[in-house]
Amino acid sequence: MHMTHKSVIIHLLAASLLLVGTHALMASDRDNVETWEGSLRLFGNEPFTQVALITDTGDRWFLDMDEQELQQLWTDRRGRIRITGVPVLQEYAGREEHFIKVIKYTWISDEK
């Protein structure tokens, strides 16, 4: 019984450390939140396509978000979009590419 109690304490301690580590990671991600504007484009060949934001300066940022939401975003596309998220490097097609871990997005008008 004593070993079981010790085992439970060790598991609780490990879970606590994991939660603290996850919270620290999420806090550091929030520190890196940025916003981009541009239009959406599709890259690659079916079935391996990837939606990307092309900024006004021509930079390409692939979108990392829920697959269903991404499909809906592509289907509903209408002009310019503002995307807020965390910039990360991920591998795509054998290369490191710029991705945005999307937090939110809004469609914007071309009118200023």
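What follows is a chat between a visitor and a guide about this predicted model.

Visitor: Let's start with the basics. What makes up the chain, in helices and strands?

Guide: The chain has 2 helices and 5 strands. Going along the sequence, you meet them in the pattern α-β-β-β-α-β-β.

Visitor: And how do the strands come together?

Guide: The 5 strands close into a barrel, in the order E1-E2-E3-E5-E4, with mixed pairing. From one strand to the next, the twist averages 50°.

Visitor: How do you know that E1 and E4 count as a pair?

Guide: Two strands pair if there are at least two bridges between them. E1 and E4 have 5 bridges, in the antiparallel sense, so they meet that cut-off. If you want a spot to look at, find Glu37, which stands opposite Arg82 in E4.

Visitor: Why is Arg80 called buried?

Guide: Buried means under 20% relative accessible area. Arg80 has a relative accessible area of 14%, so Arg80 falls under the cut-off and is called buried. You'll find Arg80 in strand E4.

Visitor: What makes the link between Arg80 and Asp56 a polar contact?

Guide: The cut-off for the N or O atoms is within 3.5 Å. The side chains of Arg80 and Asp56 are joined at 2.8 Å, so the distance passes.

Visitor: How much of the chain is buried?

Guide: Buried residues make up 27% of the 112 residues. As for the outside, the accessible surface comes to about 8,200 Å², and 56% of that belongs to carbon and sulfur atoms.

Visitor: Which residues have the most contacts inside the largest nonpolar core?

Guide: Those are Leu40, Leu53, Leu63, Leu73, Ile81, Ile83 and Ile100, in a core of 15 residues. Strands E1, E2, E3, E4 and E5, along with helix H2, each supply at least two residues of this core. There's also a second, separate core of 6 residues, including Phe43, Ala52, Ile54 and Phe99.

Visitor: Why would residues like these gather inside?

Guide: In soluble globular proteins, nonpolar side chains tend to be buried together.

Visitor: Which residues is Leu40 in contact with, leaving aside neighbours within four places in sequence?

Guide: Among them are Val51, Leu53, Leu63, Leu73, Ile81, Ile83 and Trp107. Contact here takes heavy atoms within 4.5 Å.

Visitor: And across the chain, what share of contacts comes from residues 24 or more positions apart?

Guide: Among contacts with a separation of 6 or more, such residues account for 51%.

Note on methods: Residues numbered from 1 in each chain as written. Predicted model: local features only at pLDDT ≥ 70, side-chain atom pairs only at ≥ 80, totals over all residues. Heavy atoms only, no water. Core = buried A, V, L, I, M, F, W, Y, C linked by side-chain atoms within 4.5 Å. Buried < 20%, exposed > 50% of the residue type's maximum accessible area, 1.4 Å probe, protein only. Helix = DSSP H or I, 4+ residues; strand = E, 2+ residues; numbered from the N terminus. Axes fitted to C-alpha atoms, helices over the stretch in contact; angles between N-to-C directions. Polar contact = N/O pair within 3.5 Å; in protein donor to acceptor, adjacent residues only side chain to side chain. Areas by Shrake-Rupley, 256 points an atom, 1.4 Å probe, with all protein chains shown as cover.
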